[in-house]
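Ready to practise reading a protein model? Work through the exercises below with the structure open beside you, and try each task before you look at its solution.

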Amino acid sequence: RRLTLHPALMATPPVPGVIDEEMCREGEERLHRPAGGAAAAPADGAVREVALRDAGSLALSFRNVLKIDNLVGFERLVKLELDNNIIERIENIGHLTSLETLDLSFNNISRISGLETLTKLTHLSLFNNRLTEVGGLDTLTALEVLSVGNNLIGDLSSVLYLRPFKRLHAVNFAGNPLCQEAEYRPYALAHLPRVKYLDYRMVDEQAVQAAKEQYQDRLQEMQEAEAAEEAAEAERQQRAERAAELAAANVGHVDAFRDEMLAEGGGDVGKLRQHASLLPLAQEFQAALNEAIDEYVATALEIGGLKREELSTFSEAFGEAKTEGTAEAQRQIAQYRHLVKRAQHDAGASGLTPSQLGAMQEANGALYEALMDMEMSQVERYGETIGAFESAYEELSKRLQETGSTFFNRARELEGAFTQKLEAAASELAEEEAAREAGSAEDEAVPEEVRTLLGDRETLTNALTQAHDTRVAQLDAREDEARAREVAALKGTIERLQADEYGRNRGAVVEIWNLVHVEHKNELLELGAPAHAEVA
């Protein structure tokens with residue numbers, strides 16, 4: 001007896017869909033189509049043209065898509081729907097950094113990856129996939145809603161993984177093996193304190209309190225560790241902000257400089273400076289140097305603020321001049337357009353006569369001359385504005401360089417005075433050591449290397465002098481570096497403004513040329529064509 005298969009069982013499996021322009025256009029149009037109807041037409045009856053690359057949302061659901069691909073150029077997407085496909089891997093969407101909503105539900109995804117750059121993502125659905133754990137979301141700090149229900153997640157570690165997400169207020173784990181554990185819900189309530197909706201249910205505050213009491217010992221340890229990490233992170237952030245502020249004021253070198261100057265150094269001199277009787281001298285030097293550095297930094301930051309104000313004032317003046325120039329150019333163009341329309345009206349369907357065409361060509365030429373004259377005036381005005389800014393900015397730069405020179409001279413003085421005091425104190429220590437060896441002084445522990453150094457006055461003096469010269473050389477190098485950075489920063493700022501103005505001018509000239517000699521010229525030729533045809 002022969003068996004006959006039902007036709008449905010004999011059907012060929014559907015071919016995996018490929019994301020292409022046609023699919024994307026259909027997906028974009030679906031978002032503007034009323035339920036059960038065709039795409040809505042604009043009220044004015046105009047044809048709705050959609051620039052795909054400007055689309056903010058894209059629906060590619062139920063398209064049998066196997067691989068995410070061909071979405072290059074869709075960087076403006078805010079919402080992407082890829083649900084109900086056969087996708088096995090999250091890939092090729094890292095460039096969609098504007099995404100806020102991503103739906104990957106009802107696919108075959110087994111691992112969360114490829115989302116690291118989507119830091120604006122607030123809503124993510126991976127419902128009904130093949131996930132065994134939650135991970136790969138560390139950078140998505142803006143995440144507010146996450147659905148990973150109906151997967152294969154079986155460990156509570158996936159719940160704990162979500163604890164650091166401070167904006168997460170709705171989570172769905174329903175349908176995973178871990179939800180069968182009696183411990184699941186109280187564990188989730190205790191360890192996800194910011195979540196207000198868990199598995200489609202609003203969180204009950206009494207249940208949360210009971211869960212926290214159940215895990216209070218573990219939670220206390222976690223909270224203490226989190227508080228310590230937050231404090232450390234705040235300190236790192238503060239240091240980073242200070243470093244950025246100092247670098248912007250061209251004094252980012254001061255911390256490294258401070259460490260160099262206060263370093264005890266190696267060798268016998270370093271051990272000598274550590275001697276108890278010499279420590280007060282080092283502390284005095286440190287206090288004086290820190291005071292000088294603080295004054296230098298305060299003045300540099302003040303000058304940096306004045307620089308920013310000067311640059312802001314320049315930008316405002318430049319913007320105003322540009323706005324005024326643009327308005328005048330538009331007025332001139334509007335006058336020309338009025339002449340064209342009036343000539344068209346007078347000519348009617350027959351087109352412009354040769355005399356009318358000649359008059360309009362003269363008007364177009366006059367427009368070109370007027371626009372170019374205006375552009376030349378703008379160039380002069382911008383040049384004067386840039387020149388005034390350059391003078392004021394250069395004056396501030398010189399002031400900063402003078403402040404740096406004063407500081408480094410002060411640092412040299414402090415280093416010289418410290419070395420002299422160190423030499424005098426070392427001489428006294430040498431005399432005390434000589435007396436001790438003679439048996440006329442109390443014994444005080446002195447390292448053998450230091451004792452040898454103290455016993456040779458010439459070697460002691462040479463060692464201290466060499467250490468001093470090394471620090472002075474470091475001072476000189478730091479000063480040269482600071483001056484070179486400031487000169488380069490000044491030059492870079494001015495050159496950047498000049499380059500921007502040059503680019504603006506070149507762009508304006510090209511724009512004027514294209515308007516007058518291409519667009520207007522072609523338009524006039526078309527307006528005169530009917531008359532020429534009749535003559536022919």
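**Exercise 1. A pair with two surroundings**

Task: Decide whether Glu91 is buried or exposed, and do likewise for Arg89.

Solution: Start with Glu91, which has a relative accessible area of 18%. Buried means under 20%, so Glu91 is buried. Keep in mind that this is a predicted model. Next take Arg89, whose relative accessibility is 56%. The cut-off for exposed is over 50%, so Arg89 counts as exposed. Finally, put the two together: the side chains of Arg89 and Glu91 meet in a salt bridge, with 4.0 Å from N to O.

**Exercise 2. Bridges between helices**

Task: Find out which parts the salt bridge between Lys421 and Glu284 ties together.

Solution: A general idea helps here: side chains of opposite charge can pair when their charged atoms come close. First look at the distance: the closest N and O atoms of Lys421 and Glu284 are 2.8 Å apart. Then locate the partners. Lys421 sits in helix α10 and Glu284 in helix α9 (residues 279-347), so their pairing ties together parts that are 137 residues apart in sequence. As for surroundings, Lys421 is partly exposed at 37% relative accessibility, and Glu284 is partly exposed too, at 44%.

Now repeat the steps with Glu302 and Arg399, which form a salt bridge with their closest N and O atoms 3.7 Å apart. Glu302 belongs to helix α9 and Arg399 to helix α10, so this pair ties together parts that are 97 residues apart in sequence. Glu302 counts as partly exposed at 46%, and Arg399 counts as partly exposed at 33%.

To widen the view, the count for the model comes to 25 salt bridges. Some residues are linked in a network: Arg412, Asp476, Glu479, Asp480 and Arg483.

**Exercise 3. One face of a helix**

Task: Work out why the buried residues of α7 line one face of the helix.

Solution: List the residues first. In helix α7 (residues 254-262), the buried ones are Val254, Phe257, Arg258 and Met261. Then look down the axis of α7: these buried residues fall within an arc of 100°, so they line one face of the helix.

Now step back to His253, in the loop between α6 (216-248) and α7. His253 has a relative accessible area of 4%, so it is buried. Its side chain makes a polar contact of 2.8 Å with the side chain of Arg485.

**Exercise 4. Closed spaces**

Task: Say how many cavities of 30 Å³ or more there are, and which residues line the largest cavity.

Solution: Rolling a probe the size of a water molecule over the atoms shows where empty space is left. Here the count comes to two cavities of 30 Å³ or more.

- The largest cavity has a volume of about 90 Å³. Its lining consists of Asn250, Tyr296, Leu400, Gln401, Gly404, Ser405, Phe408, Glu479, Ala482, Arg483 and Glu486. Sorted by class, that gives four nonpolar, four polar and three charged residues. Helices α10 (354-438) and α12 (457-535) each supply at least two of the lining residues, and α10 gives the most, with five.
- The second largest cavity has a volume of about 40 Å³. Among the residues that line it are Leu162, Arg163, Phe165 and His191. Its lining divides into six nonpolar, one polar and two charged residues.

Did you spot the overlap? Glu479 and Arg483 line the largest cavity, and both also belong to the salt-bridge network from Exercise 2.

**Exercise 5. Open spaces**

Task: Describe the lining of the largest pocket by class, then find which helix gives the most to the lining of the second largest pocket.

Solution: Begin with the largest pocket, which holds about 490 Å³ of space. It is lined by 15 residues, and nearest its centre lie Arg163, Pro164, Phe165, Lys166 and Glu230. The classes are five nonpolar, two polar and eight charged.

Move on to the second largest pocket, with about 420 Å³ of space. Of its 16 lining residues, Thr326, Ala329, Glu375, Ala508 and Glu511 are the closest to its centre. Helices α9, α10 and α12 each supply at least two residues, and α9 gives the most, with six. By class, this lining has eight nonpolar, four polar and four charged residues.

Definitions and conventions. Residues numbered from 1 in each chain as written. Predicted model: local features only at pLDDT ≥ 70, side-chain atom pairs only at ≥ 80, totals over all residues. Heavy atoms only, no water. Buried < 20%, exposed > 50% of the residue type's maximum accessible area, 1.4 Å probe, protein only. Helix = DSSP H or I, 4+ residues; strand = E, 2+ residues; numbered from the N terminus. Arc of directions from axis to C-beta. 1 Å grid on protein atoms, 1.4 Å probe; cavity = no way out; pocket = protein on both sides within 12 Å on 5 of 7 lines; lining within 4 Å. Points joined across faces, edges and corners; volume = space filled by probe spheres on them. Nonpolar A, V, L, I, M, F, W, Y, C, P; charged D, E, K, R; others polar. Polar contact = N/O pair within 3.5 Å; in protein donor to acceptor, adjacent residues only side chain to side chain.
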